[in-house]
Structure formats: structure tokens, C-alpha cells
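Subject: A structure to look through

Dear colleague,

Please find below the structure that I promised to pass on to you. I suggest keeping it open on your screen while you read the notes that follow.

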Amino acid sequence: MDLGSGGGLDVLLSARRVAPDGIAYGLDASDAMLALARANAAEAEVSNARFLHGRIEDVPLPDTSVDVVISNCVINLSADKPAVLAETFRVLRPGGRIGISDVIAAVDLDPATRADAEARVGCARGTLTAAEYERLLAETGFTGITITPVGDAGDGLHSAIVRAGKPR
């Protein structure tokens with residue numbers, strides 16, 4: 001499942017990787033993005049991609065229904081990151097994992113500078129530090145947590161890869 005799937009590219013790529021009877025889900029709150037994603041799936045002749053309307057804080061899938069959750073700079077936009085992580089944990093099967101690209105803040109970034117940087121980057125709202133992100137993941141129940149900065153977004157913000165798993 002891709003949180004904030006937009007036009008569906010990552011879902012279409014994932015649909016080609018799942019088991020023959022597997023389904024790749026995309027979740028987005030925008031009707032326009034869902035229509036684009038569905039059109040892209042039809043054009044690519046991908047029949048095992050499903051695009052769901054909803055919010056990342058309230059995923060419209062049953063408990064333990066997905067093996068992997070991905071997201072590209074969407075969790076950072078939520079004002080309720082604990083709810084997003086709780087929902088992600090809920091829908092993951094035991095042994096499932098997350099692979100998230102997101103934005104993190106430097107530890108020493110003061111609130112005003114952080115807000116200015118978030119406004120400039122645009123893919124940020126209430127940016128967490130790596131330690132805050134790790135703490136929230138652990139409190140939710142995730143294990144094997146790694147947060148790897150991969151690029152400087154400027155002004156104390158960094159792009160990062162966040163990985164973790166749900167215990168078996």
C-alpha cells in the first residue's frame with residue numbers, strides 16, 4: 001500500500017512485484033489523483049492495482065491486510081503523525097514492513113527556522129527529528145527501526161529513508 005499514492009506510479013510498479021494473486025493498494029484523499037491513477041492503471045493494463053479514497057489517518061482497509069507500506073513525503077504533511085503510524089501498524093500483517101521517504105529536521109532547529117524551512121520545502125508540516133520519528137515508531141510497536149538521512153533539503157531539513165517492521 002502506498003500512502004498518498006497520487007497518480008499511482010509506485011502502486012503500478014508494486015503491482016508487478018506482488019504475488020500472482022496479490023493486490024497493490026494506493027490511498028489518496030484527492031478525487032483527481034485517484035482518477036488519474038485509475039486511468040494510468042488502465043493504460044498500463046495493470047489489473048491488480050486498487051486505488052482507495054481516504055485519509056492516511058484512517059485507512060479504509062481491514063486489520064493485517066498488507067505486507068508492505070510505502071510513502072513518499074506524505075506522512076510529514078499530516079498534523080496527526082501518531083494516528084498515521086497507528087493506522088499503518090494496524091493494516092500491516094505481522095512481519096510486515098514500512099519503507100518511507102520523508103523529511104526530518106535537524107535536532108537544533110528552532111521553531112521559527114523550522115517553520116520557514118517547511119514553508120520553503122512545501123513537503124513538510126510539523127517536521128520531526130530522527131529521534132522523534134524513531135520514538136513515535138517504537139511507541140506504536142514497530143521494531144528494527146532505521147532512519148537514514150539521504151539528502152540535504154536545506155535550512156536544517158533533510159530527506160530520509162525510514163524503515164521499520166511489525167513484529168511477528
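Is G151 buried, partly exposed or exposed? Before answering, I should say that this is a predicted model, and everything below should be read with that in mind. G151 is partly exposed, because its relative accessible area is 25% and the label "buried" is kept for values under 20%. The residue sits in strand β6, and, leaving aside its neighbours within four places in sequence, G151 is in contact with H158 and S159. You may also like to find K166, which is 15 residues from G151 in sequence, while the two C-alpha atoms are 27 Å apart in space.

Turning to the chain as a whole, its secondary structure comes to five helices and seven strands, which follow one another from the N terminus in the order β-α-β-α-β-β-α-β-α-α-β-β. The radius of gyration is 16 Å, close to the 15 Å that the globule rule gives for 168 residues, so the chain is as compact as a globular protein of that length. Along the principal axes, the C-alpha atoms fill a box of roughly 45 × 35 × 25 Å. Buried residues make up 46% of the chain, and, among contacts with a separation of 6 or more, 72% join residues that are 24 or more positions apart.

In soluble globular proteins, nonpolar side chains tend to be buried together. Here the largest nonpolar core has 30 residues, of which M1, L3 and Y133 touch the most other members. Two or more residues of this core come from each of β2 (24-28), β4 (66-72), α3 (81-91), β5 (92-105), α5 (130-140), β6 (143-154) and β7 (157-165). Apart from this core lies another one, of 10 residues, which includes V11, A24, L34 and F51. If you would like to trace the surroundings of one residue, Y133 touches I75, I100, D102, I104, L128, I147 and V162, not counting residues up to four places away in sequence.

Helix α3 is mostly covered, since eight of its 11 residues are buried. Those buried residues are K81, A83, V84, L85, E87, T88, F89 and V91, and they pack against β1 (2-3), β4, β5 and α5.

The largest pocket has a volume of about 460 Å³, and of the 21 residues that line it, M1, S14, V18, I23 and V68 are the closest to its centre. At least two lining residues are supplied by each of α1 (9-15), β2, β4 and β5. Sorted by class, the lining holds 11 nonpolar, three polar and seven charged residues.

Finally, two residues deserve a look for their backbone angles. E45 has a positive phi of about 55° although it is not a glycine, and C73, which is not a glycine either, has a positive phi of about 55°. E45 lies in the loop between α2 (31-43) and β3 (49-53), whereas C73 is placed in the loop between β4 and α3. E45 is exposed, because its relative accessible area is 73% and exposed means over 50%. C73 counts as buried, because its relative accessibility is 14%, which is under the 20% limit.

With best wishes

How values were computed
Residues are numbered from 1 along each chain as its sequence is written. This is a predicted model: local features need pLDDT of at least 70, side-chain atom pairs count only at pLDDT 80 or more; totals for chains, interfaces and linings use all residues. Side-chain values use heavy atoms; hydrogens and water are left out. A nonpolar core is a set of buried Ala, Val, Leu, Ile, Met, Phe, Trp, Tyr and Cys residues joined through side-chain atoms within 4.5 Å. Buried means under 20% relative accessible area, exposed over 50%, partly exposed in between (1.4 Å probe, protein chains only). Helices (H or I, at least four residues) and strands (E, at least two) are DSSP runs, numbered from the N terminus. Contact means heavy atoms within 4.5 Å. On a 1 Å grid over the protein atoms alone, a cavity is a set of points where a 1.4 Å probe fits but cannot get out, and a pocket is an open set with protein on both sides within 12 Å along at least five of seven lines; lining residues have an atom within 4 Å of a point. Grid points are joined across faces, edges and corners, and a volume is the space filled by probe spheres set on the points. Ala, Val, Leu, Ile, Met, Phe, Trp, Tyr, Cys and Pro count as nonpolar, Asp, Glu, Lys and Arg as charged, and the others, Gly among them, as polar. The radius of gyration is taken over C-alpha atoms; the globule rule is 2.2 Å times the number of residues to the power 0.38.
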